[in-house]
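Here is a friendly walk through one protein chain, written for someone who likes to think in side chains. Take a moment with the sequence and the picture before reading on.

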Amino acid sequence: TAEDLIRGPDALSELAAARKSRPVLATLTPFCGYDGIWSPEREAVRAMVNQWIRSRDCYIDIDACVRSSSDIKSLAPEYDSGDHLHLNAAAGERAAEEIFRTITRIRKRRAAI
């Protein structure tokens, strides 16, 4: 369930906050078409978990980077390794750009405090 998947990062966030730190979470990427595993129910769980992640202060939206612009349940073809789950090298480069951009923004925001 979404609650089960959120429980771990939520506990990590609480533990980090107690130590005056914050984890940087990453959204779950789409997997529609992967070996019969995808279902509307699992997609709903992914959407709920991503919504929770996006409500945190520090997150990297890998989902938004690699999903299809015409079907948010699927990887963009240019980022799909071919199995509809695993990211290819181009997706890795795109994710790295997003990680760098996000971490830079977080550091600047913290420096301004």
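The report below follows one helix, the cores, the cysteines and the charged pairs in turn.

## Helix α4

Please keep in mind that this is a predicted model. Helix α4 is a good place to begin: it runs over residues 89–111, which makes 23 residues. At 1.5 Å a residue it should span 33 Å, and its end C-alpha atoms are indeed 33 Å apart, so the expected and computed lengths agree. At the start of the helix, Asn 88 offers a side-chain oxygen that comes to within 3.1 Å of the backbone nitrogen of Ala 90.

Which residues of α4 are buried? They are Ala 91, Ala 95, Glu 98, Thr 102 and Ile 106. Their cover includes β2 (59–60) and α3 (62–66). Ala 111 also has its place in α4, but with 65% relative accessibility it counts as exposed. Between the C-alpha atoms of Ala 111 and Ser 39 there are 43 Å, and the two residues are 72 apart along the chain.

## The nonpolar cores

The largest nonpolar core is built from nine residues: Ile 60, Ile 62, Cys 65, Val 66, Leu 75, Ala 76, Tyr 79, Ala 91 and Ala 95. Two or more residues of this core come from each of α3 and α4. The largest share, three residues, is that of α3. Apart from this core lies another one, of seven residues, and Leu 25, Val 45, Val 49 and Trp 52 are among them.

## The cysteines

How many disulfides does the structure hold? The count is zero. Cys 32 is in no disulfide, and the nearest cysteine sulfur, that of Cys 65, is 19 Å away from it. For Cys 65 itself, the closest cysteine sulfur is in Cys 58 at 16 Å, so the two are too far apart for a bond.

Cys 65 is a core member, and its relative accessible area of 8% makes it buried. Setting aside neighbours within four places in sequence, Cys 65 is in contact with Tyr 79, Arg 94 and Glu 98. Two of these names, Arg 94 and Glu 98, return below as a salt bridge.

## Glu 98 and its arginines

Is Glu 98 buried or exposed? It is buried, because its relative accessible area is 7%. Side chains of opposite charge can pair when their charged atoms come close. Glu 98 meets the side chain of Arg 94 in a salt bridge, with 3.7 Å from N to O. Glu 98 and Arg 94 are four residues apart in α4, so about one helical turn separates them. Arg 94 counts as partly exposed, at 24% relative accessibility.

A salt bridge also joins Glu 98 to Arg 101, where the closest N and O atoms are 2.5 Å apart. Here the spacing is three residues in α4, so again the separation is about one helical turn. Arg 101 is partly exposed, with a relative accessible area of 44%.

## Asp 61 and the wider charge pattern

Asp 61 sits in the loop between β2 and α3. Its relative accessibility is 15%, so it counts as buried. The side chain of Asp 61 makes a polar contact of 3.1 Å with that of Thr 27 and a polar contact of 2.8 Å with the side chain of Arg 54. Beyond neighbours within four places in sequence, Asp 61 is in contact with Thr 27, Arg 54 and Glu 98. Asp 61 also belongs to a network of salt bridges that links Glu 43, Arg 46, Arg 54, Asp 61, Asp 63 and Arg 67.

The count for the structure comes to 10 salt bridges. One of them pairs Arg 22 with Asp 57, the closest N and O atoms being 3.1 Å apart. This pair links distant parts of the chain, 35 residues apart: Arg 22 is in the loop between α1 (2–18) and β1 (25–26), while Asp 57 is in the loop between α2 (40–54) and β2. Arg 22 is partly exposed, at a relative accessible area of 36%, and Asp 57 is exposed, at 52%.

How values were computed:
Residues are numbered from 1 along each chain as its sequence is written. This is a predicted model: local features need pLDDT of at least 70, side-chain atom pairs count only at pLDDT 80 or more; totals for chains, interfaces and linings use all residues. Side-chain values use heavy atoms; hydrogens and water are left out. The expected span of a helix is 1.5 Å times one less than its number of residues. Buried means under 20% relative accessible area, exposed over 50%, partly exposed in between (1.4 Å probe, protein chains only). Contact means heavy atoms within 4.5 Å. A polar contact is a pair of N or O atoms within 3.5 Å; within protein, one must be able to donate a hydrogen and the other to accept it, and residues adjacent in sequence count only if both atoms are side-chain atoms. A nonpolar core is a set of buried Ala, Val, Leu, Ile, Met, Phe, Trp, Tyr and Cys residues joined through side-chain atoms within 4.5 Å. A disulfide is a pair of cysteine sulfur atoms within 2.5 Å. A salt bridge is a side-chain nitrogen of Lys or Arg within 4 Å of a carboxyl oxygen of Asp or Glu.
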